Structures are given as C-alpha cells and as structure tokens.
Amino acid sequence: KISSSPSTETDADKLLDGLLSSEFDKESCLSRFQAYLYHKVSPHKPSPYLISKLRSYEDLHRRCGPHSKAYKRTMAKLNRFKSKKSNVTNATGSCKYIVWTAANGLGNRMVSMASIFLYAILTDRVLLVEFLDDMVGLFCEPFPNSSWILPKDFPFSDNRKVEIYESMLKRDKENTSKKLLLPSTIGVRLNMYHHDHEFFFSCDHNQHLLHKLPLLIVTSDQYFVPALFMVPSFKKELNKMFPTKDTVFHHLGRYLFLPANDVWGPIKRFYQAYLASAEEKIGIQIRVFHPNRTSYETIMGQVLKCTQNHTILPGFATNISKDPPLKNQILKSVLVTSLYQEYGENLRTMYLNNPTVTGEIIGVYQPSHEDQQKFGDNLHNKKALTDIYLLSLCDVLVTSSVSTFGYVAQGLGGIMPLVLKKLQDNKIPDSPCVQDFSMEPCFHKTPKLDCMEKPIDNMATIFPYVKKCVDYRRGVKLV
Ligand code: GDP
C-alpha cells in the first residue's frame with residue numbers, strides 16, 4: 001500500500017471515511033495523514049451518525065476545553081463548591097466534564113480511555129486526560145483546535161478530597177427526603193479491583209444521578225463499553241452510532257489513538273524495513289503474566305503448535321533436497337512482540353536453520369524487549385505503543401489470552417486474532433489456540449448484580465450483542 005500512487009488516494013481514504021476531522025494541520029501529527037497508507041483499507045465504515053456525533057463532540061470540546069472561557073468559569077465555580085454539597089447543577093454553566101486518570105499498563109489505559117470517551121459522547125461531557133510524565137508525547141491531540149490534556153492547575157488533582165461514587169449511592173439509598181444533596185465532583189473507580197461497576201452503568205437511576213454532576217473523575221483500566229449497551233437510556237444512541245456492534249473500538253481507537261510524531265517515526269521505519277515487502281505479515285504477541293512460573297520452552301512450543309496447526313507458519317522440512325528454486329520464493333514476515341528477547345530470537349533462529357515444507361522464507365523481527373513491565377517510564381510506554389501499532393498493521397494476529405495489549409492491536413487493525421490459550425498446569429492445552437469471533441476488546445470486570453440487585457448469572461444470555469469472551473469466561477464482548 002505504501003507504494004500506491006498519490007493520484008489514487010482520495011480524501012475519504014486519508015480521513016478514514018470521515019472518521020477523522022479535516023481541521024488539523026499536517027506537521028503536528030503526521031500519522032493522521034499517513035496511517036492509512038500502512039493499514040489495510042478497513043471494510044468497516046463509520047456510520048454517518050457516528051461521524052456527526054464526533055463532529056458535534058469536537059464543537060463541544062472546542063467550546064468547553066482547557067483554556068476556554070467556559071472552562072475557566074466552570075472550574076472557578078466548582079472550586080468554590082469544592083467541599084460543599086448542594087444543588088450545584090444550577091451553579092455551573094453548560095459545560096460538564098469527565099476526567100480520565102491512569103491505572104495499569106498502556107493497553108488497559110487505551111481501552112479505558114476509549115470507553116470513557118464513548119461515555120462522554122453519550123452524556124455530553126468533555127473528556128480530559130490526566131497524563132503524567134510517562135504518557136507525554138505518545139498520542140497526537142485528537143480534537144481540533146483544543147487539547148484533551150488536563151491543565152496543570154486543575155483544582156481537583158488531589159482527588160482524595162473528592163467524594164466517591166459508592167458513598168454518594170449509599171447516601172442516596174438512605175436518603176428519605178426528596179432532594180439528595182450532591183457534591184460538585186465525584187470520583188469513580190472502575191478498576192479491576194474496585195466494585196463500582198456493579199452499581200454504575202446498567203441502571204438508569206444511577207445514570208440520572210451522575211447526569212446532575214458537573215465533574216466526574218474516573219480511574220479505570222477496563223473496556224466497559226459492553227456495559228454502556230446495557231443502559232436503557234443509551235441503547236438507542238449506541239445502536240444508531242454503531243449499527244455493527246463489533247466495530248466500536250475499531251472506530252474509536254483509530255479516531256483517538258494516533259501516534260505522535262516521535263512514535264510514528266520508528267513505527268514507519270520499522271514497517272518499511274522489515275514488514276512492507278513481505279507477502280504476508282504475521283503478528284505474534286507473547287504476553288507472559290507469570291514469567292517465574294511459566295516455562296519459556298512451553299510457550300515457545302505452544303506458539304509453534306498454534307501457528308503451524310493453523311497454517312499461519314509453515315512446518316519444517318526434513319528432506320533438504322526438496323528446497324524449492326530461488327525464484328518466486330514467498331517471503332513472510334513475522335513480527336514478535338514480547339517483553340522477553342528469547343521468543344523472537346528463538347523463532348528467528350529456527351526459521352534460519354531449517355527449510356520450510358512450503359519453501360516459504362520466514363523473517364522474524366522483534367522491535368524491543370524490555371524484560372519487565374515498567375511503571376512511570378515514558379520511553380517504555382513509547383516502545384509499547386510502537387509494538388501495539390505495528391501489530392495492528394499485520395495481516396494475521398496471534399495474541400495472548402486476557403491481554404489488553406493484544407486487544408488494542410486487534411481493534412486498531414480490525415483483525416480477529418487467534419488467541420493462545422492459557423496454559424494448564426504449565427502444559428500446552430490440546431488445542432493451543434482458538435479463533436476469536438470479534439475484534440472487540442473483552443470487558444473483564446462485568447457487573448455481578450442487576451439494577452434490582454439480583455445476581456447476574458450469565459450476562460451473555462440477558463443482553464443482546466454480547467457474548468462470553470473466548471479467553472476469559474467471566475468477561476463479555478460485543479459481537
Ligand atoms: P496487559 O497487562 O497484557 O493487559 O496489557 P497492558 O498494556 O495493560 O500492560 C502490559 C504492559 O507491559 C505494557 O503496557 C507494556 O508496558 C509492557 N509490555 C507487555 N508486553 C509487551 C510487549 O510485547 N512489548 C512492549 N514494548 N511492552 C510490553
């Protein structure tokens with residue numbers, strides 16, 4: 001695709017069929033104007049309604065975003081109400097906000113940002129992201145003529161002083177008088193280890209309460225979009241925005257997460273050097289959650305068994321005289337991403353030292369090997385984004401179970417991956433991997449209770465459009 005002549009490229013291609021705004025200048029974010037040359041053309045077109053919602057959101061963000069008059073006015077007012085509870089809705093103007101704060105690794109952060117952005121669109125809130133040093137310079141600004149970065153003088157940065165959502169719900173439940181006194185700001189924790197999910201989404205009453213608050217500060221590592229589809233008052237809008245349900249992250253991810261120039265450069269160059277000329281590009285993501293308890297040989301064996309059983313990679317030939325002629329030899333490139341160097345190194349050596357049964361030539365490349373997950377490290381996150389993005393440029397993906405890192409890559413790429421199954425007692429399962437049925441990320445921390453506080457046994461049977469994830473049976477994803 002990168003060799004295609006400029007005359008065949010239309011504006012529709014460049015702006016992903018209207019998903020991206022045309023209001024940006026080129027230099028500030030090269031990937032916005034170049035990424036389409038590297039990705040395959042997506043067969044999934046954004047709906048006209050989604051496009052119109054994005055354009056209206058951009059207007060709202062421009063009007064209410066950081067440094068606008070409305071932002072300054074609202075924050076000054078909220079600051080005055082900081083520790084008071086009252087009927088604050090009358091006190092603030094038309095701008096309401098939702099602040100994303102980080103939890104967990106980059107994949108978790110990206111799926112939660114996309115979820116909160118969708119929530120912001122549905123509730124007419126302005127999304128601001130609190131990027132500490134480790135997140136600076138990863139992504140381009142997604143909204144034209146404004147910024148999504150939370151200003152440094154944001155008055156609620158010390159959110160220990162903010163009431164948390166659970167406590168407001170508790171007061172609401174105990175409240176016998178008609179009017180519940182509301183805080184101006186609420187902290188909502190939607191992490192793997194907190195339980196707000198159970199009360200947050202699917203109930204209109206709670207949404208109604210939240211709707212009144214001018215400012216929500218959310219800490220999340222979850223892809224909670226499936227839960228938004230369960231909220232009765234959001235359903236109609238969501239169905240209009242996403243007639244095809246399994247494209248939510250694909251579109252929102254491509255809209256929000258354009259790599260900034262410093263990250264885009266290495267992505268582009270790596271792609272051109274090692275992937276562009278291959279007949280087929282195969283991405284293999286090897287995420288090892290318990291490196292001390294997991295044998296490297298077992299995982300390597302699982303990767304080989306999976307890729308060779310599914311004819312993604314050819315087996316090794318035993319009879320060397322069958323080596324095909326040099327002419328017309330097919331080159332396949334394998335991109336291995338892992339924290340550990342051994343995986344790429346070993347696969348590369350195997351395919352160098354052995355001919356393949358098909359005669360195909362297999363090049364194996366691994367962009368980085370960070371050895372361990374690092375927190376608070378900007379360069380480490382840039383390498384993670386480079387890996388995620390390169391995976392998304394592949395034709396075929398093999399991912400690891402329960403990894404949001406892989407989810408983001410498959411979503412951006414629009415690819416249904418083969419998922420490596422979890423090892424059983426450190427042994428390779430009989431079928432080492434399973435074909436996924438949707439490119440959407442899996443929502444891990446699903447609600448346990450419904451709005452009547454009755455336990456939910458199986459969300460997949462109650463709500464349409466969701467199915468149990470292949471890699472995590474307690475999770476669900478959109479189909
Ligand atoms: P998850 O834990 O697999 O769901 O994915 P996250 O992205 O949330 O957290 C894992 C983090 O570990 C990443 O963000 C990286 O910081 C690091 N990491 C894990 N696997 C890789 C990899 O293949 N390449 C790079 N560069 N970093 C990785």
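**View 1. Helix H15 gives the most to the shell around the ligand**. Its share is 4 residues. The model shown is predicted. In total, 19 residues surround the ligand. The closest are Gly105, Leu106, Gly107, Ser403 and Thr404. Four elements each give two or more residues to this shell: helix H5 (106-122), strand E9 (331-338), helix H15 (378-392) and helix H16 (404-413). By class, the shell has 11 polar residues, 4 nonpolar and 4 charged.

**View 2. The ligand lies between domain 1 and domain 2**. Domain 1 (48-245) gives residues to the shell around the ligand, and so does domain 2 (261-478). That is why the ligand is placed between the two domains.

**View 3. Domain 1 touches domain 2**. The domain assignment of the protein gives residues 48-245 to domain 1 and residues 261-478 to domain 2. Taken over C-alpha atoms, the centres of the two domains are 33 Å apart. Their contact takes 26 residues from domain 1 and 32 residues from domain 2. On the domain 1 side, at least two residues each come from H5, helix H7 (197-200) and helix H9 (225-228). The largest share of that side is from H5, with 5 residues. The domain 1 side divides into 15 nonpolar, 7 polar and 4 charged residues. Helix H5 thus links two views: it also gives residues to the shell around the ligand.

**View 4. Helix H11 meets helix H16**. Two packed helices are described by the angle between their axes and the distance between the axes. The axes of H11 (residues 248-256) and H16 come within 7 Å. They cross at roughly 90 degrees, which means that H11 is roughly perpendicular to H16. From H11, the contact is made by Phe249, His250, Gly253 and Arg254. From H16, it is made by Val408, Gly411 and Leu412. These contact residues comprise 3 nonpolar, 3 polar and 1 charged. H16 also appears in the first view, where it gives two or more residues to the shell around the ligand.

**View 5. Five strands form an open sheet**. Strands of a sheet pair through backbone hydrogen bonds, either parallel or antiparallel. Here the pairing is parallel, and the strand order is E3-E2-E7-E6-E4. Strand E3 (125-129) and strand E4 (163-164) are the edge strands. Each pairs on one side only.

**View 6. Strand E4 pairs with strand E6**. The two strands run in the parallel sense over 2 bridges. Strand E6 spans residues 185-190. Within E6, Ile186 is the bridge partner of Glu163.

Note on methods:
Residues are numbered from 1 along each chain as its sequence is written. This is a predicted model: local features need pLDDT of at least 70, side-chain atom pairs count only at pLDDT 80 or more; totals for chains, interfaces and linings use all residues. A residue is near a molecule or strand if its C-beta atom, placed from the backbone, lies within 6 Å of it. Ala, Val, Leu, Ile, Met, Phe, Trp, Tyr, Cys and Pro count as nonpolar, Asp, Glu, Lys and Arg as charged, and the others, Gly among them, as polar. Domain bounds come from an automatic or database domain assignment. Axes are lines fitted to C-alpha atoms, for helices over the stretch in contact, and angles run from 0 to 180 degrees between N-to-C directions. Angles under 35 degrees count as roughly parallel, over 145 as roughly antiparallel, 65 to 115 as roughly perpendicular and the rest as oblique. Two residues are in contact if their C-beta atoms, placed from the backbone, lie within 7 Å. Two strands pair if DSSP finds at least two bridges between them.
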